[in-house]
There are 2 protein chains.
Amino acid sequence: MPRDLRMSRMLHVLIHMDRHVDRVTSDQIAGMISTNAVVVRRMMAGLREKGIVTSEKGHGGGWQLARALTGITLRDVYEAVGCPPLFNIGPQADPAECLVEKAVDARLEETLQAAEARLLEQFDQIVVEDLAQDFERRFAELREGAVEPQGMACHAS
Amino acid sequence: MPRDLRMSRMLHVLIHMDRHVDRVTSDQIAGMISTNAVVVRRMMAGLREKGIVTSEKGHGGGWQLARALTGITLRDVYEAVGCPPLFNIGPQADPAECLVEKAVDARLEETLQAAEARLLEQFDQIVVEDLAQDFERRFAELREGAVEPQGMACHAS
DNA sequence: AAGTCACGCAACAATTAAAGTTTCATGTCT
DNA sequence: AGACATGAAACTTTAATTGTTGCGTGACTT
């Protein structure tokens, strides 16, 4: 299995929603991240449950941001997409019988847990607005340079 | 896909090899970790290339430890099994065109890289002997308690 | 010299979770 | 009524580890 892209994709979408559009449909979002509307709804449902976005059915409906990007941390988004396992390595899931294996598993788990805690702390300290400003810095640099600024808002705008 | 178990499994095997047996066949190792000999050879080949174990063909052959456990770090074992990706999450592999996506991917990658570097430092500072002593502590505690010490060397001894 | 044991290697099948797809139902605006 | 958009269920596809089978090679035993 390749890596879990949900968090990365949702961050991408949130910034577009804040900077470029007021209300978007699942189909438009699907265009941004090269997938289809059902996959989008699946992921966005998690964001809605966390109060990050709202959805409206029917004609003229779609998705809207519910909070400013300054109030959304990477941790919020990570949890919104269902807290997928952070690590690809580790001991087997079900507890071992062998004492050697138990000792190995415990130490490995402990080390990974500590790393996970540190990473989640990082996620707590970064808000999506930080990433949006990273984008604007890149955009400004591109305009200053000799190249014309194409691809600013990918497929969406 | 479940988690990558190779590192955990090889740590388990190395401790058994040091504490319980002098020379083991792939089949015996397969019995320890509940798999078959081919899977074992695949993983052990990496350890051999790193100089951690040696192998001998033919009658009476098998695998032997080449170094003391005090000289083998978790990092060594991690690299020996091929440096599998540590994280299950992250941005997509191929570089994005959209500037927003680029900014998101760069920041996420940077954060994960930092976490990876910290974790690998931890792996550098733990030697397999440390885990072996964890095991012996557990074993001693079990003998002191009222329970008989079964399952000391799992299926192997 | 024959036989057995054990690694080396190549090719293929099984498993698992994310991602992708299809279909239908529900709600809302014009 | 009709068009649009989300909600939800069921199924297929994909990618990587793991599991399996078969054959070749080397080494010890009798």
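This is a short tour of a predicted model, taking in a helix pair, a buried phenylalanine, some salt bridges and two residues with positive phi.

**Where two chains meet**

Let's start with a pair of helices from two chains. Helix α5 of chain A covers residues 99-125, and it packs against helix α6 of chain B, residues 128-144. Their axes sit 8 Å apart, at an angle of about 125°. That angle is why α5(A) and α6(B) are described as oblique to each other. The crossing of α5(A) and α6(B) is right-handed.

Who touches whom here? On the α5(A) side you'll find L99(A), V100(A), K102(A), A103(A), V104(A), A106(A) and R107(A). They meet D130(B), L131(B), D134(B), F135(B), R138(B), F139(B) and L142(B) from α6(B). Sort the residues of this α5(A)–α6(B) contact by type and you get nine nonpolar, five charged and no polar ones.

**A phenylalanine in a loop**

Now look at F87(B), which sits in the loop of chain B between α4 (74-80) and α5 (99-125). Is F87(B) buried or exposed? With a relative accessible area of 5%, F87(B) is buried. Leaving aside residues up to four places away in sequence, F87(B) touches R3(A), L86(A), F87(A), N88(A) and L119(A) from chain A, along with L112(B), A115(B) and E116(B) from chain B. As for Q113(B), 26 residues away along the chain, its C-alpha atom is 9.8 Å from that of F87(B).

**Salt bridges**

Side chains of opposite charge can pair when their charged atoms come close. Over all chains, this structure holds 24 salt bridges. Here are three of them, with the N to O distance for each.

| Salt bridge | N to O distance |
|---|---|
| E136(A) and R19(A) | 2.6 Å |
| D124(A) and R75(A) | 2.8 Å |
| D134(B) and R137(B) | 2.8 Å |

Take the pair E136(A) and R19(A), joined by a salt bridge. E136(A) belongs to helix α6 (residues 128-144) of chain A and R19(A) to helix α1 (residues 6-19) of chain A, so the pair ties together parts that are 117 residues apart in sequence. E136(A) is partly exposed at 34% relative accessibility, and R19(A) is partly exposed too, at 25%. There's also a wider network of salt bridges here, linking D18(A), R19(A), E129(A) and E136(A).

Next comes the salt bridge between D124(A) and R75(A). This pair also links distant parts of the chain: D124(A) is in helix α5 of chain A and R75(A) in helix α4 (residues 74-80) of chain A, 49 residues apart. D124(A) has a relative accessible area of 38%, so it counts as partly exposed. R75(A), at 22%, counts as partly exposed as well.

What about D134(B) and R137(B)? Both lie in helix α6 of chain B, three residues apart, which is about one turn of the helix. D134(B) is buried, with a relative accessible area of 13%, while R137(B) is partly exposed at 47%. You've met D134(B) already, among the α6(B) residues that meet α5(A).

**Two positive phi values**

Most residues other than glycine have a negative phi. S34(A) isn't a glycine, yet its phi is positive, near 55°. You'll find S34(A) in the loop between α2 (26-32) and α3 (37-49) of chain A, and at 57% relative accessibility it counts as exposed.

C83(B) has a positive phi of about 45°, and it isn't a glycine either. C83(B) lies in the loop between α4 and α5 of chain B, the loop that also holds F87(B). At 39% relative accessibility, C83(B) counts as partly exposed.

Terms used: Residues numbered from 1 in each chain as written. Chains lettered and ligands numbered in written order. Predicted model: local features only at pLDDT ≥ 70, side-chain atom pairs only at ≥ 80, totals over all residues. Heavy atoms only, no water. Axes fitted to C-alpha atoms, helices over the stretch in contact; angles between N-to-C directions. Helix = DSSP H or I, 4+ residues; strand = E, 2+ residues; numbered from the N terminus. Parallel < 35°, antiparallel > 145°, perpendicular 65-115°, else oblique. Left-handed = near helix turned anticlockwise from the far one by under 90°. Contact = heavy atoms within 4.5 Å. Nonpolar A, V, L, I, M, F, W, Y, C, P; charged D, E, K, R; others polar. Buried < 20%, exposed > 50% of the residue type's maximum accessible area, 1.4 Å probe, protein only. Salt bridge = Lys/Arg side-chain N within 4 Å of Asp/Glu carboxyl O.
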